[in-house]
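Dear colleague,

I am passing on the structure below, and my notes on what was found in it follow directly after. Please read them with the coordinates open beside you.

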Amino acid sequence: MAGHSKWANIQHRKGRQDGIRSKLFSKLSKEITVAAKMGDPDPDKNPRLRLAVKEAKSQSVPKDVIERAIKKSVAGEGDEYEEIRYEGYGPNGVAVIVEAMTDNRNRTASTVRSTFSKNGGNLGETGSVGFMFDRKGEVTYPVAVGDADTVFEAAIEAGAEDVESSDEGHIIYCEDTDLNDVSNALETALGESESTKLVWKPTTTTEMDLVAMEKLMKLVDALEDDDDIQRVTTNFEASDEVMAQL
């Protein structure tokens, strides 16, 4: 499986749930406010907002929190947020993409730069690692939804490009511009997804040993602890033995 999929599993195992949850709710709420501000506050008329709400629901964000985030956009909040992407290298030369949503570009750039340097990495120019990833839509389903063949058929029928099935679940990929249509078609065929979002999918990966993975986890944790950072993606590859020791 791709590095970022394994990363989600690591986060799950680490059990930092309470802290992660409140930060996650706040980041998902920010995405909803900005999406609503950029388009229509009605999710049925705004594909980006519909996906943001769907992702928030999949992470158990309460309905009133979602509604409050949409109302903020109507009230004029969210105007000041700017979306910025940072790219750099972590331990062992692993590629790292950092997506931020900030009301202070200088503050965020300074924080990201110092976090990289304190954790064995270095911030590069925009485009320095982006060529190692493709922008894709990603829809995930649990194992229980069906066997690999069933899910693959449903995915292709829905207009998806690829499916990765394992004993941890099914990950369906499509063109980034097709995510809304593909996820709606999949919902009709397979029911509600676990997660629906845009991702950076690595096209090349960097092999990591245990020491490098531990350093990488420290870097990603430090980045994700910042309220301006929405998500972090890396192109690591690690053996099952290394993953088991984390």
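Two salt bridges are found across the interface of domain 1 and domain 2, and I should say at once that the model is a predicted one. On the domain 1 side of this interface, helix α2, which runs over residues 17-38, supplies the largest share of the residues that touch domain 2, namely six. Sorted by character, the residues on that side of domain 1 comprise six charged and two nonpolar ones, with no polar residue among them.

As for the setting, the chain is divided into domain 1 (15-75), domain 2 (82-131 + 204-244) and domain 3 (134-201). The contact between the first two draws on eight residues from domain 1 and 10 residues from domain 2, while the centres of these two domains, taken over C-alpha atoms, are separated by 24 Å. Between them, domain 1 and domain 2 bury about 840 Å², of which 34% is on carbon and sulfur atoms. Counting residue pairs in polar contact between the two domains, with both residues at pLDDT 80 or more, gives nine.

Arg 48 deserves a look of its own when you go through the side chains. Its side chain meets that of Glu 83 in a salt bridge, with 2.8 Å from N to O, and Arg 48 also forms a salt bridge with Glu 31, where the closest N and O atoms are 3.0 Å apart. The latter pair links distant parts of the chain, since Glu 31 sits in helix α2 and Arg 48 in helix α3 (residues 47-58), with the two positions 17 residues apart in numbering. As a general matter, side chains of opposite charge can pair when their charged atoms come close. By the rule applied here, the count of salt bridges comes to 13.

Finally, there is an annotation to set beside the domain division: UniProt, in an unreviewed entry, places the feature "domain: TACO1/YebC-like second and third" at residues 81-236. In the model, the span of residues 81-236 is 33% helix and 36% strand, and its end C-alpha atoms lie 30 Å apart.

With best wishes

How values were computed: Residues are numbered from 1 along each chain as its sequence is written. This is a predicted model: local features need pLDDT of at least 70, side-chain atom pairs count only at pLDDT 80 or more; totals for chains, interfaces and linings use all residues. Side-chain values use heavy atoms; hydrogens and water are left out. Domain bounds come from an automatic or database domain assignment. Contact means heavy atoms within 4.5 Å. Buried area is the accessible area (1.4 Å probe) that two parts lose on being put together, summed over both. A salt bridge is a side-chain nitrogen of Lys or Arg within 4 Å of a carboxyl oxygen of Asp or Glu. A polar contact is a pair of N or O atoms within 3.5 Å; within protein, one must be able to donate a hydrogen and the other to accept it, and residues adjacent in sequence count only if both atoms are side-chain atoms. Helices (H or I, at least four residues) and strands (E, at least two) are DSSP runs, numbered from the N terminus. Ala, Val, Leu, Ile, Met, Phe, Trp, Tyr, Cys and Pro count as nonpolar, Asp, Glu, Lys and Arg as charged, and the others, Gly among them, as polar. UniProt positions are given in the numbering used here, feature names are shortened, and annotations may be inferred rather than shown by experiment.
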